[in-house]
Amino acid sequence: MRLRNKPWAKDRLESYPQYVVAKPESYKGNWTEVFGNDQPIHIEIGTGKGRFITEMAKANPHINYIGIEVYKSVIVIALDRLIEEDLPNLRLMNVNAVELQNYFAKGDVDQVYLNFSDPWPKTRHEKRRLTYKTFLSIYENILVDNGEIHFKTDNQGLFEFSLRSFSEYGMLLKYVSLDLHNSSYEGNIMTEYEEKFSSKGFRIYRCEVQFQK
Ligand code: SAM
């Protein structure tokens, strides 16, 4: 998601260091300093406008959340939400997922959420998919042992690719739904994309997978 360029977004993000982590590399291995407690940390990669991560943080005050988004023009909308809600257990980071090992040490993160990741449908772009093996390796290197990825998408091709990628990486499939909104899964929190595409009749796919160390 890339919205109209907003030249003012950089200044706005920098004006709220209590919500948008500046210099995240300085907290590698020491995120308790950011949150002031040692609650588990769940991150959403590609958080977009932030609805999912904000609602998760509201519903689960015993968990710390970080929404990670590469585009300033998008994350600035998530910031508006956070300013309004003022949640002590939620932070935002304006970085690219490829850099995550610069900011998190092994075991800093307890769970990864990927919601409606860009599908990059052309085969020559498969390395850009956030479930490609190089990204899985990055996630494994920042997660606790046996950490999990929870993944939702409306894109069947991306879901099939991802299941194969998780399997080839040796991950354990703990949950799968090929039609989340018509399943018995409870407590689903919708993302912006999920609302948009499910209202158009698209099925939502969801899985939970676990690293085996
Ligand atoms: N998760 C949101 C939702 O479900 O409404 C947004 C989905 S949108 C299709 C995907 C988001 O991932 C975009 O905002 C995009 O900028 C972000 N993104 C894509 N690649 C990324 C990367 N390598 N690092 C961080 N964010 C990324």
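Visitor: Why does Glu69 count as buried?

Guide: This is a predicted model, and the call comes from a neighbour count. A residue is buried if 20 or more other C-beta atoms lie within 10 Å of its own. Glu69 has 27 C-beta neighbours inside 10 Å, so it counts as buried.

Visitor: Where is Glu69 found?

Guide: Glu69 sits in a loop. Strand S2 (64–68) comes before that loop, and helix H4 (72–85) comes after.

Visitor: Which residues is Glu69 in contact with, leaving aside its neighbours within four places in sequence?

Guide: A contact here means C-beta atoms within 7 Å. On that test Glu69 touches Gly46, Thr47, Gly48, Val74, Ile75, Ala78 and Asn94.

Visitor: Which residues does UniProt list under "binding site"?

Guide: The unreviewed UniProt entry names Glu44, Glu69, Asn96 and Asp118.

Visitor: How do you know that they gather at one spot?

Guide: Set sequence against space. They span 75 residues in sequence, yet no two of their C-alpha atoms are more than 13.7 Å apart, so they gather at one spot.

Visitor: What about Asp118: where is it found?

Guide: Asp118 lies in the loop between strand S4 (109–115) and helix H5 (133–142).

Visitor: Why is Asp118 called partly exposed?

Guide: Buried needs 20 or more, exposed needs 12 or fewer, and partly exposed is in between. Asp118 has 15 other C-beta atoms within 10 Å, so it is partly exposed.

Visitor: Now Glu44. Which way does it point from S1, and with which residue?

Guide: Glu44 and His42 point one way from S1, while Ile41, Ile43 and Ile45 point the other way. All of them are buried.

Visitor: What makes S1 largely enclosed by the rest of the structure?

Guide: Count its residues. Five of the five residues of S1 are buried, so S1 is largely enclosed.

Visitor: How do you know that S1 and S2 pair?

Guide: Two strands pair if DSSP finds at least two bridges between them. S1 and S2 have five bridges, in the parallel sense. Ile43 of S1 stands opposite Ile66 in S2.

Visitor: How is the protein divided into domains?

Guide: Domain 1 covers 1–102, and domain 2 covers 106–213. Their C-alpha centres lie 20 Å apart. The contact takes 18 residues from domain 1 and 18 residues from domain 2.

Visitor: Which elements each supply at least two residues of the side of domain 1 that touches domain 2?

Guide: Strand S1 (41–45) and helix H3 (51–59) do. The largest share of that side, five residues, comes from S1. By class, the residues of that side are nine nonpolar, five polar and four charged.

Visitor: How do you know that the radius of gyration agrees with a compact globule?

Guide: Compare value and rule. With 213 residues, a compact globule would have a radius of gyration near 17 Å, and the protein has 16 Å, which agrees. The C-alpha trace spans about 40 × 40 × 35 Å along its principal axes.

Visitor: What share of the residues count as buried?

Guide: Of the 213 residues, 36% count as buried.

Visitor: And what share of the contacts with a separation of 6 or more joins residues 24 or more positions apart?

Guide: Such pairs account for 79% of those contacts.

Visitor: How many helices and strands does the protein have?

Guide: Seven helices and seven strands. Along the sequence they follow the pattern α-α-β-α-β-α-β-β-α-β-α-β-α-β.

Visitor: What is the value of phi in Asp86?

Guide: Phi of Asp86 is near 50°, a positive value in a residue other than glycine. Asp86 is found in the loop between H4 and strand S3 (90–93).

Visitor: Why is Asp86 called exposed?

Guide: The cut-off is 12 or fewer. Asp86 has 9 other C-beta atoms within 10 Å, so it is exposed.

Visitor: And Trp120: what is its phi?

Guide: Phi of Trp120 is near 40°, again positive in a residue other than glycine. Trp120 lies in the loop between S4 and H5. With 18 other C-beta atoms within 10 Å, Trp120 is partly exposed.

Visitor: What makes Gly201 exposed?

Guide: Its count is 6 other C-beta atoms within 10 Å, so Gly201 is exposed. Gly201 is placed in the loop between helix H7 (192–199) and strand S7 (205–210). The C-alpha atoms of Gly201 and Asp154 are separated by 10.0 Å, with these positions 47 residues apart along the chain counted as their separation.

Terms used
Residues numbered from 1 in each chain as written. Predicted model: local features only at pLDDT ≥ 70, side-chain atom pairs only at ≥ 80, totals over all residues. UniProt positions renumbered as here; feature names shortened; annotations may be inferred. Helix = DSSP H or I, 4+ residues; strand = E, 2+ residues; numbered from the N terminus. Contact = placed C-beta atoms within 7 Å. Rg over C-alpha atoms; globule rule 2.2 N^0.38 Å. Domains from an automatic or database assignment. Nonpolar A, V, L, I, M, F, W, Y, C, P; charged D, E, K, R; others polar.
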